[in-house]
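Visitor: I am new to this structure. Could you walk me through it?
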Number of protein chains: 2
Amino acid sequence: MPEISSRGLNMPPSPIRKLVPFADAAKKKGRTIYHLNIGQPDIETPQIALNAVKNNKLDYIAYSHSAGIESYRKKLAEYYHRYNIDVDHNEILVTTGGSEAIIFAFLSCLDPGMEVIVPEPFYANYNGFAVMAGIKIRPITSVIETGFALPPVENFEKLITGKTGAILINNPNNPTGYMYSRKELEKLRDIIKKHDLYLFADEVYKEFCYDGEEFVSTMHLKGIEQNVVVMDSISKRYSACGVRIGALITKNKDVINTALKFAQARLSPPTYGQICGEAAVETPQDYFDGVMTEYVERRNLVVDSLNKLPGVICPRPKGAFYVAAKLPIDDSDQFCKWLLEEFEYQNQTVMLAPMGGFYSTPGLGKNEVRIGYVLNVEALKKAMKCLEEALKTYPGKTN
Amino acid sequence: MPEISSRGLNMPPSPIRKLVPFADAAKKKGRTIYHLNIGQPDIETPQIALNAVKNNKLDYIAYSHSAGIESYRKKLAEYYHRYNIDVDHNEILVTTGGSEAIIFAFLSCLDPGMEVIVPEPFYANYNGFAVMAGIKIRPITSVIETGFALPPVENFEKLITGKTGAILINNPNNPTGYMYSRKELEKLRDIIKKHDLYLFADEVYKEFCYDGEEFVSTMHLKGIEQNVVVMDSISKRYSACGVRIGALITKNKDVINTALKFAQARLSPPTYGQICGEAAVETPQDYFDGVMTEYVERRNLVVDSLNKLPGVICPRPKGAFYVAAKLPIDDSDQFCKWLLEEFEYQNQTVMLAPMGGFYSTPGLGKNEVRIGYVLNVEALKKAMKCLEEALKTYPGKTN
C-alpha cells in the first residue's frame with residue numbers, strides 16, 4: 001500500500017472537529033447542545049440574494065470567467081467604494097470562499113519554506129493552508145490581558161528574517177473579536193514598508209464592528225498599496241457560508257495576474273454562488289442594522305454573563321461574533337470534552353471551542369475558550385446558565 | 001515591491017487563453033467565431049437538476065459537511081453502483097469541481113519533489129496542479145498514429161524511479177477522446193501493483209462512450225483497490241461545469257481521511273452545487289440517450305469532414321467530446337492565431353486549441369489541434385467548411 005504524503009500527515013486536524021464525536025454521543029443521549037463552538041451564524045441570508053438564485057433563468061450552468069463574472073466584479077468594486085476602498089474590478093479576483101483567496105495569496109507570493117508572521121491566537125485553518133503551500137507560520141503572541149491588542153512592534157522585528165515573506169492579520173479577529181485601531185495598523189504599515197513584506201489581511205468580518213468603532217482596512221493605508229493583499233468572503237457578511245464565494249483584492253498587478261493563473265487552473269468559482277453574491281451587494285441597509293442590533297445584544301449578554309462568574313476574564317471585543325474567555329479551569333480541551341461527555345444541566349449542555357488550537361505556540365490558550373455568539377438571545381441565556389453550573393462542578397476547576 | 005513566488009512565475013498559462021485576445025479582436029471586427037477550442041458543452045443541464053436549485057427552500061446557506069452533504073454522498077454511492085463500482089458514501093469526498101479532487105489527491109499522496117507519470121497529450125491543467133503541489137509530471141508519449149493508445153509498458157518502466165509516486169490517466173481522454181480498453185488497464189494495473197504506486201484516474205468523461213464500447217473504471221481492477229484514487233466531476237456529465245462539484249473516490253481509508261483534512265481546512269464544497277448534483281443523480285436515461293445520439297452525430301461529422309481534407313489525420317475516438325487532428329501545417333500555435341487574426345470565410349472563422357500545450361515534451365503536437373465538438377451539427381458543418389477553406393490558404397501549409 002503506497003504511503004500518505006508527509007504534508008498529509010502534518011495536516012492539523014480542526015481544533016473543533018475533534019469534539020464532534022463527543023457531541024454526537026451527547027445528542028444520542030437526547031441532550032440539547034448549544035453550539036457556541038462554530039462560526040456559522042443562524043441569521044437569515046438576505047432575501048434578495050436567496051431570490052436571485054431561485055429566480056435564475058440559466059439553461060445550462062457554464063464556467064464563468066476564472067476571475068469571476070465581470071458584472072459581479074464590477075458590483076463588488078462598487079461595494080468596496082462604499083468603504084472608501086479604491087479598487088476597480090480588475091483588482092478583484094472572485095474565489096471559492098475566503099479559503100481559496102488565502103491559498104492563492106500564499107501560492108502567489110511565497111515560496112515553499114518561507115515564513116508568515118501571524119498574531120496568535122489566529123483562525124486555525126491558516127495552519128492547514130500553510131501546510132498546503134509548504135510555508136511556515138511564525139506566531140507572535142497577543143494576550144487576553146490587553147484584550148488581544150497588537151503585540152509591540154519590537155516583537156515583530158525580532159521574528160523578521162530573510163525567510164519572512166508576509167505578515168497576516170485577521171481584522172476584526174476570529175477567535176478574539178479584537179479590532180485593530182488605525183494607530184495599530186499604521187504601526188504594521190511601518191514594519192511592512194521598512195522590510196518590504198506582503199501584508200495579507202483577512203477582512204471577512206468587516207461588517208461586524210460595534211460601539212461606533214470605525215473599521216480601517218489595510219487598503220486605506222498609504223504607501224504600502226503594492227504590499228497589501230486583502231482576503232474577503234461573503235460567508236459572514238450575508239450569512240451565506242455555504243455559497244463558497246470570496247475574493248482576493250490587491251492593487252499589485254503582478255499578484256493579481258499570478259493569482260489568476262492559479263484561478264485558471266481550477267477554471268472558475270461557483271456560478272450559483274456568484275449569482276447570490278452579485279444580488280447580495282444590493283442588500284438594504286436595514287438588514288445590516290438588524291443584524292448589528294442583534295449581535296450587540298448577544299455580545300453584551302455573553303460578555304456580561306461571563307464576567308459575573310468567579311475567576312472568568314472576558315474582554316468586550318468590538319468586532320466579529322466571537323469572544324475569547326479565560327476560565328478558572330485546568331485544561332480547556334478536557335473541559336470542553338467534559339461538557340459534552342459528563343455534564344448536563346436540565347438535560348442541556350454547551351459546546352465551546354478550546355483555544356489551544358488557535359495558538360501556534362504549544363501550551364498557550366490552555367485555560368481559554370472561544371465562544372461564538374451565533375445563537376439567539378434566549379438560547380444564549382440558557383447556554384450561559386449551563387456554563388455557570390458547569391464551572392461549579394467541573395472537577396478540574398482551579399478556583 | 002515584494003517579489004512574486006517562483007511557483008507563481010512557473011505557473012503555466014492556459015494553452016487556450018493565450019488566444020483569447022485574438023478572438024476578442026476578431027469579435028470586434030464583427031466576425032462569427034465557432035468555438036471548438038473549449039470543453040464547455042452547449043447541452044442543457046437536466047431540468048431536474050436546475051429545478052432543484054430553483055425550488056430550494058433554504059433560509060440561510062450554511063456550510064455543509066466538509067466531505068459533502070451526507071444524503072448527496074449516499075446518492076452518489078448509488079450512482080456509482082450502477083457502474084458496478086463498489087463504494088459507500090464514506091469512500092466519497094465531494095469536492096469543488098474535479099479540479100479540487102486532483103489537488104487533494106496530489107497533496108494527500110505525494111510529497112514535494114515527487115513525480116507522476118502521465119501519458120501525453122494530457123489535460124493541460126494537470127501542469128498547474130503539479131506546480132501548486134510542488135510535484136513533477138513525467139510525460140510518456142502516446143501518438144496519433146495508434147489513435148493515442150496506451151504506450152508500451154516498457155516505456156512506463158523506464159520512467160519509474162524512487163521518486164515516482166503515481167501514474168495519472170484520464171479515461172476517456174481529454175484532449176484525444178481515446179478510451180482505454182480493459183486489456184490496457186490491466187497492463188497499467190500490473191505496473192501499479194509491481195511498483196506499489198498510486199493510480200490516479202480522472203474519469204470525468206465516463207458517460208461519454210460511443211460505439212457500444214464498455215467503459216472500464218480503474219475501480220473495476222482487482223488487486224489494486226488500495227492504490228486507486230478516482231477524480232470525478234459532474235461538470236461534463238450534466239453539462240453543469242459552473243456548479244463546481246466533483247468527487248474524490250477511493251477505497252483507501254488513509255487517503256480519504258487525509259483528503260478530508262485538506263477538505264476541512266476549506267470548510268465545505270458549494271451548497272447550491274450539491275443540491276444540483278444530488279437531484280441530477282435521478283436524471284432520466286432518455287436525457288443521456290439524447291446526448292449520446294447528438295455527440296455521436298457530431299463526432300462522425302467532424303471526423304469524416306477532417307479525414308476528407310488532404311493531408312489531415314484524425315482518429316475516430318470512442319469517448320469524451322474531443323478529437324485530436326494532425327494538420328498539414330507548420331505550427332498549430334501560429335495557425336490558430338492566424339485563423340483569428342487573418343482568416344475569414346464569409347465573415348466566419350473557427351477557434352481551435354493548439355495541441356502543443358497538451359504535451360509536456362517540448363516540440364510535440366506542433367502540427368496537431370484539439371477540436372471539441374461542443375456545438376450543434378449545423379454550426380459544426382460551417383466550422384468544418386471554414387477549416388477546409390483555411391487549410392487552402394494558410395501561408396504555413398506543408399502540403
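Guide: Certainly. Two strands pair if DSSP finds at least two bridges between them. Please bear in mind that this is a predicted model.

Visitor: How many bridges join strand β3 of chain B to strand β4 of chain B?
Guide: Strand β3 (residues 115-120) of chain B and strand β4 (residues 136-141) of chain B are joined by 6 bridges, and these strands run parallel. Within this pairing, B:V118 stands opposite B:P139 in β4(B).

Visitor: Through which helix does the chain cross from β3(B) to β4(B)?
Guide: The chain passes through helix α6 (residues 125-133) of chain B, and this β-α-β crossover is right-handed.

Visitor: On to α8(B). Which of its residues are buried?
Guide: In α8(B), the buried residues are B:E184, B:L185, B:L188, B:R189, B:I191 and B:I192. Seen down the axis of α8(B), they fall within an arc of 165 degrees, so they line one face of the helix.

Visitor: And what do the buried residues of α8(B) pack against?
Guide: They pack against α7 (153-159), β5 (164-170) and β6 (198-202) of chain B. The face of α8(B) turned away from its buried side carries B:K183, B:K193 and B:K194, which are exposed.

Visitor: What follows α8(B)?
Guide: B:D196 follows α8(B), and its phi is positive, near 50 degrees.

Visitor: Now the two chains. By what turn can chain A be laid on chain B?
Guide: A turn of 180 degrees, with a shift of 0.0 Å along the axis, lays chain A on chain B with an RMSD of 0.0 Å. That is the relation of a two-fold axis.

Visitor: Which residue of chain A comes closest to the rotation axis?
Guide: That residue is A:K54, whose C-alpha lies at 2.0 Å from the axis.

Notes
Residues are numbered from 1 along each chain as its sequence is written. Chains are lettered from A and ligands numbered from 1 in the order in which they are written. This is a predicted model: local features need pLDDT of at least 70, side-chain atom pairs count only at pLDDT 80 or more; totals for chains, interfaces and linings use all residues. Side-chain values use heavy atoms; hydrogens and water are left out. Copies are superposed by least squares on the C-alpha atoms of residues with pLDDT of at least 70 in both. Helices (H or I, at least four residues) and strands (E, at least two) are DSSP runs, numbered from the N terminus. A crossover is right-handed if, with the strands pointing away from the viewer, the path from the first strand over the helix to the second runs clockwise. Buried means under 20% relative accessible area, exposed over 50%, partly exposed in between (1.4 Å probe, protein chains only). The arc is that of the directions from the helix axis to the C-beta atoms. Contact means heavy atoms within 4.5 Å.
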